[in-house]
Amino acid sequence: MADPNPWFRVYPPEIRDHTEFDQNVGPKRMPPRNSRPIAYFMLIFTMDLMKKFVLETNRYARNFITRNQHNISNKSRVHDWHKKGKLTLIEFKAFVAVILNMGLIKKATISEYWNRKHSSQSTPWFRKVFTRNRFQLLLKFLHLVDNRKIAPRNSPSYDPTAKFKPIVDHFNLKAKKHYSPSQNLSIDESLIGTKSRTVLRQYIPTKHAKFGVKLWMLTEAVTGYCFHFNVYKGKRYDPTPAGELQGSYVVISLLRAACLLNKWYHVFCDSFFTSLSLAKRLLNLHTYTTGTVRSNRPLPNLIKSVKLRASQSMFMRQQEILVCAFKEKEKRKNVKMLSTTRYNAELVVNRKPKMITEYNKFMGGVDLNDMLTSFYEDGRKSTKVWKKIVFTIIHRMVIHA
């Protein structure tokens with residue numbers, strides 16, 4: 001029986017109409033014009049979140065001291081907790097300020113920020129805000145949830161993200177509340193580098209850090225604004241539904257959680273995510289997609305086997321889906337791309353397909369977000385992986401302000 005929707009070859013220039021994007025984009029629910037920068041930061045890092053940190057940090061400190069009162073050394077700085085008093089909201093704001101400035105002013109160890117020996121390396125601001133012992137004590141007791149309410153590891157309901165899940169949910173909620181992204185979006189993975197022992201640790205050879213906690217991120221392509229992200233828990237705690245590619249599952253899940261389906265947004269993603277089945281599903285959900293495609297994914301045989309010369313391309317179409325093979329230089333492999341009706345079979349500068357130039361332009365949203373975040377991160381190792389994740393999320397909040 002003949003295929004009711006056959007593939008056929010198309011030649012540039014191809015002219016086709018596509019649905020126009022008509023969403024309102026840009027910031028929303030903003031403070032008055034000319035407000036201080038802190039007002040914008042407080043849109044994301046709200047007072048309610050700060051109060052949550054203060055409540056749970058004090059709770060954990062009290063429980064820790066009570067539970068270990070007979071095992072704490074007489075010289076331990078833990079005894080200073082009662083002398084200095086419990087954490088206050090004002091003190092927590094100062095704590096966040098110190099964390100952010102440690103990313104801007106990078107030093108080898110935390111104690112170096114309080115070093116008085118060498119005037120050339122002295123940073124008196126840190127000493128004015130906290131004593132070293134008080135800061136390290138707050139860092140030790142920092143908490144966001146009540147540990148007694150977290151399911152143990154051998155429990156069926158165990159969640160390896162439980163200790164920092166509130167700040168993930170908070171970030172995603174506030175990111176959507178105060179911004180509507182433009183049409184072009186990018187989805188990719190990001191990595192919070194760590195070699196600490198945790199079930200969340202993944203290995204990604206293409207990343208600089210290689211080992212760490214993986215984030216699935218949905219960002220605005222041009223600005224790098226993170227609109228929604230999920231922390232990957234691993235195959236055991238975050239399985240992909242049977243019969244579905246993980247990349248497709250991630251893309252649909254992110255767009256659905258961000259409430260961006262059925263609005264004709266345009267998603268750019270790499271070969272890990274892109275497939276014909278994903279493109280068809282997104283079209284049914286009124287969403288465009290463009291991305292590179294792996295050779296082992298279903299594609300027309302002519303596209304898979306075509307032999308091209310330098311700067312030569314081939315296009316094939318199946319209804320709304322356009323696929324392309326392009327060879328940029330003689331010694332390079334063919335690049336295979338897929339796009340829905342957002343782009344036509346069209347060549348631009350150097351006879352390069354337009355869908356490829358647009359992919360190069362709009363695919364880097366997650367990388368841009370990572371780069372901006374790196375300006376505030378100090379990259380310091382931590383035995384508590386969840387705390388490193390929390391600080392990374394706070395740094396991402398800064399670049400959204």
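## What counts as a strand pair

Two strands pair if DSSP finds at least two bridges between them. With that in hand, strand S4 (residues 184-193) and strand S6 (residues 211-220) are a pair: they run in the antiparallel sense, over nine bridges. Keep in mind as you read on that this is a predicted model.

## The big picture

Let's start with the whole chain. The protein has 13 helices and twelve strands. Its C-alpha atoms fill a box of roughly 80 × 50 × 45 Å, taken along the principal axes.

How much of the protein counts as buried? The figure is 50% of the 401 residues. As for contacts, take those in the protein with a separation of 6 or more: residues 24 or more positions apart account for 65% of them.

## Strand S4 and its partners

Back to S4, which is mostly covered, with nine of its ten residues buried. In the pairing with S6, glycine 193 stands opposite glycine 212.

S4 also pairs with strand S8 (residues 266-269), this time in the parallel sense and over four bridges. If you want a spot to look at in the viewer, try leucine 185, which stands opposite valine 267 in S8.

## Strand S12 and its partners

Now for strand S12 (residues 335-339). Is S12 largely enclosed or open? Four of its five residues are buried, so S12 is largely enclosed by the rest of the structure.

Strand S11 (residues 321-327) pairs with S12 in the antiparallel sense, over five bridges. Here alanine 325 sits opposite lysine 336 of S12. Strand S9 (residues 288-292) pairs with S12 as well, again in the antiparallel sense, over three bridges. On that side, threonine 290 has serine 339 in S12 as its bridge partner.

## Helices H2 and H4

On to the helices. Two packed helices are described by the angle between their axes and the distance between the axes. For H2 (residues 47-67) and H4 (residues 89-104), the angle is about 100° and the axes are 10 Å apart. Angles of 65 to 115 degrees count as roughly perpendicular, and H2 and H4 are therefore roughly perpendicular to each other. Met47, Met50, Lys51, Phe53 and Val54 of H2 meet Leu89, Phe92 and Lys93 of H4. Sorted by class, the residues of this contact are six nonpolar, no polar and two charged.

H2 is also home to aspartate 48. With a relative accessible area of 60%, aspartate 48 is exposed, since exposed means over 50%. Aspartate 48 and tyrosine 359 are 311 residues apart in sequence, and their C-alpha atoms are 39 Å apart in space.

## Helices H7 and H13

The other helix pair brings together H7 (residues 165-177) and H13 (residues 385-400). Their axes come within 10 Å and cross at roughly 15°. Angles under 35 degrees count as roughly parallel, and H7 and H13 are therefore roughly parallel to each other. The crossing of H7 past H13 is left-handed.

Which residues make the contact? From H7 come Ile167, Val168, His170 and Phe171, while H13 brings Val390, Ile393, Ile394, Arg396, Met397 and His400. By class, that gives seven nonpolar, two polar and one charged residues in the contact of H7 with H13.

Terms used:
Residues numbered from 1 in each chain as written. Predicted model: local features only at pLDDT ≥ 70, side-chain atom pairs only at ≥ 80, totals over all residues. Heavy atoms only, no water. Axes fitted to C-alpha atoms, helices over the stretch in contact; angles between N-to-C directions. Helix = DSSP H or I, 4+ residues; strand = E, 2+ residues; numbered from the N terminus. Parallel < 35°, antiparallel > 145°, perpendicular 65-115°, else oblique. Left-handed = near helix turned anticlockwise from the far one by under 90°. Contact = heavy atoms within 4.5 Å. Nonpolar A, V, L, I, M, F, W, Y, C, P; charged D, E, K, R; others polar. Buried < 20%, exposed > 50% of the residue type's maximum accessible area, 1.4 Å probe, protein only.
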